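Q: Please take a close look at the packing in this model. Which residues touch which, and how are the strands around them laid out?

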Amino acid sequence: MRVAPADNPYPDDPAQERERAFDLAERAHPAEPAGDRFTAPVVPSGLLRLYGGMVVAQALAAAQRTVPADKPVHSLHAYFLKPGLTDRPLDFAVRRLTDGRSFAARHVAATQDANPVVEMMASFQVDEPGPAFAMPMPDVPPPDALPVLEDLFRAHADTLPLRHRPFWLRRQQVEWRPCEPFGFGDDSVRAPRRSFWFRMKEPLLADQARQRCWLAYASDFHLFQTGLLPLGHGFDNDFLQTSSLDHAMWFHGDVDMNQWMLYAQETPAAGGARLYARGTVFRADGTPLAHVAQQGLVRVLDRVREGKI
């Protein structure tokens, strides 16, 4: 078990986040069925804005509350509309679109003080047998042979721009191990692909619905930054304005966030101040577990960007 340094200056507490992030309170609304509106509590954080992966995961949790347990989520597509504040609760309104024998579809609107933050569609399906095929997992070193990314960030903490430090130096929920050298202050043009091993840092005792929420949470890590590699811009370049625009996932089987998984990422294209990146999550045995796609805004500024991510 890895223990975070006691002198970490950021208030983010992974144990508290695990306990409270999906503790959604039901809110009554006269025009909707009971149980279709929820509020997520404020979890103390030093981030400058809400982490998109958490908002997507909470939106999924809200949708799951309206779908029978025998229909796990198989896909979702979320649009990030406005940045959310970390010190205000989030509200989730679920709209039940379809409820068939095999599939169910939901729309989720996440708002904060009536301002739109995320709009998401999710589809759920009963488990069914069928033909299968998958591309092979990349040949990469095993996780035990690789450095812990959190240790690398602590070693390079003094070189990070101030606006990046709350996100990367806080105590992390997920342990990441990069399969390739992780560049700090590196604005060279690099290959448009890389991979990470990952798993929860602490044991997660949760049902399958919650396990898939935590995979949605983790899926937003590193994907956008992989899209910067062939552009010759490091993730810590202080002249970039960046933001995720949308995020999609397709689930292919049961998730166990306690086990090592490989997140193989690549970026096929960028242009028009946007980049596109995609990834495949594999179990350690090479079985594909999920596919992810994301588009993000990337603007190169003529002055240092301050105070915002």
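A: Contact here means heavy atoms within 4.5 Å. The model is a predicted one.

Take Phe153 as the starting point. Leaving out residues up to four places away in sequence, Phe153 touches Leu160, Trp168, Leu169, Phe182, Phe184 and Phe235. Phe153 belongs to the largest nonpolar core, a set of 68 residues. Within that core, Phe153 is one of six residues that touch the most other members. The other five are Met120, Trp176, Phe198, Leu215 and Met257. Which helix gives this core its largest share? Helix H2, residues 52-64, supplies nine residues.

There is also a second, separate core. It has eight residues, including Val140, Cys179, Trp197 and Phe282. Cys179 counts as buried because its relative accessible area is 13%, under the 20% limit. Cys213 is buried too, at 0%. What about disulfides? With sulfur atoms required to lie within 2.5 Å, the count is zero.

Now His222. It sits in the loop between H5 and helix H6 (223-228). Is His222 buried or exposed? It is buried, because its relative accessible area of 1% falls under 20%. Neighbours within four places in sequence aside, its contacts are Leu149, Trp168, Trp176, Phe182, Arg194, Phe196 and Gln265. Trp168 and Phe182 appear in this list, and Phe153 touches both of them. Trp176 is in the list as well, and it is among the core residues that touch the most other members.

Helix H5, residues 208-219, comes just before that loop. H5 lies across seven strands: E3, E7, E8, E9, E10, E11 and E12. Its angle to E9 is about 150°.

Next, the sheet. It is open, with twelve strands in antiparallel pairing. The order is E1-E2-E4-E5-E6-E3-E9-E12-E11-E10-E8-E7. Which strands form the edges? They are E1 (25-26) and E7 (174-178), and each pairs on one side only.

Start at the E1 edge. E1 joins E2 through two bridges, antiparallel. There, Ala25 stands opposite Thr39. On to E4: four antiparallel bridges link strand E2 (residues 37-40) to strand E4 (residues 90-99). Arg37 has Ala93 as its bridge partner there. Side chains in E2 alternate in direction: Arg37 and Thr39 point one way, Phe38 and Ala40 the other. All four are buried.

Further along the order comes E3 (residues 73-80), between E6 and E9. E3 is joined to E6 (residues 115-125) by seven antiparallel bridges. Ser75 faces Ser123 across that pairing. To E9 (residues 240-251), E3 is joined by five bridges, again antiparallel. In that pairing Ala78 is opposite His247. Both E3 and E9 are among the strands that H5 lies across.

Terms used: Residues numbered from 1 in each chain as written. Predicted model: local features only at pLDDT ≥ 70, side-chain atom pairs only at ≥ 80, totals over all residues. Heavy atoms only, no water. Pairing = 2+ DSSP bridges. Axes fitted to C-alpha atoms, helices over the stretch in contact; angles between N-to-C directions. Core = buried A, V, L, I, M, F, W, Y, C linked by side-chain atoms within 4.5 Å. Buried < 20%, exposed > 50% of the residue type's maximum accessible area, 1.4 Å probe, protein only.
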